[in-house]
Amino acid sequence: MADIKQDLKTEDGENYSMGNNTEPKNMQDLTQYVQTLLQNMQDKFQTMSDQIIGRIDEMGNRIDDLEKNIGDLMTQAGVEGTDK
């Protein structure tokens with residue numbers, strides 16, 4: 001548990017801090033700190049997820065274009081496509 005807390009402080013402390021860089025002093029502060037931390041993590045996860053989905057969609061479109069271009073080239077070359 002101490003390792004996790006230390007990793008959080010050194011790696012993500014700046015990204016997920018409460019803003020005043022103080023340790024939570026009571027249960028209410030701790031609860032708010034954890035909620036803020038989880039919300040920030042959720043927001044970052046959602047952003048990354050949206051980026052991944054966007055890239056997958058873009059890759060799919062590029063593959064579709066490539067297949068169309070290959071089909072056009074085969075037609076121009078007089079080669080009939082083989083059905084799978």
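**One salt bridge and a long helix**

Good morning; I will start with the charged pairs, where the count comes to 1 salt bridge, and I should say at once that what we are looking at is a predicted model. As a reminder, side chains of opposite charge can pair when their charged atoms come close. Here the partners are Lys68 and Asp72, and their closest N and O atoms are 3.0 Å apart, which falls within the 4 Å that the definition of a salt bridge asks for. Why are these two side chains placed to meet? Because Lys68 and Asp72 are 4 residues apart in helix α2, they are separated by about one helical turn. As for their surroundings, Lys68 is exposed, with a relative accessible area of 51%, whereas Asp72 is partly exposed, at 33%.

Let me turn to the helix that carries this pair. The chain's secondary structure comes to 2 helices and 0 strands, and α2 runs over residues 27-77. With its 51 residues, α2 reaches 74 Å from its first C-alpha to its last, which is close to the 75 Å expected at 1.5 Å a residue. What do we find at the two ends? At the N-terminal end, Asn26 acts as a cap, placing a side-chain oxygen 3.1 Å from the backbone nitrogen of Gln28. Beyond the other end, α2 is followed by Gly78, which has a positive phi, near 80 degrees.

Now to the surface, and to a nonpolar feature of it. Met27, Leu30, Val34, Leu38 and Met41 form a nonpolar patch there, and together they have about 470 Å² of accessible area. Taking one member as an example, Val34 lies in helix α2, and with a relative accessible area of 35% Val34 is partly exposed, so it passes the requirement of over 30% that patch residues must meet.

Finally, the chain as a whole: how much of it is buried? Of the 84 residues in the chain, buried residues make up 4%. The accessible surface of the chain comes to about 7700 Å², and 53% of that belongs to carbon and sulfur atoms. That is where I will stop, and I am happy to go back to the salt bridge between Lys68 and Asp72 or to the nonpolar patch that includes Val34.

Terms used
Residues numbered from 1 in each chain as written. Predicted model: local features only at pLDDT ≥ 70, side-chain atom pairs only at ≥ 80, totals over all residues. Heavy atoms only, no water. Patch = residues over 30% accessible without salt bridge, like charges linked within 9 Å, V, L, I, M, F, W, Y side chains within 5 Å. Areas by Shrake-Rupley, 256 points an atom, 1.4 Å probe, with all protein chains shown as cover. Salt bridge = Lys/Arg side-chain N within 4 Å of Asp/Glu carboxyl O. Buried < 20%, exposed > 50% of the residue type's maximum accessible area, 1.4 Å probe, protein only. Expected span 1.5 Å × (residues − 1). Polar contact = N/O pair within 3.5 Å; in protein donor to acceptor, adjacent residues only side chain to side chain.
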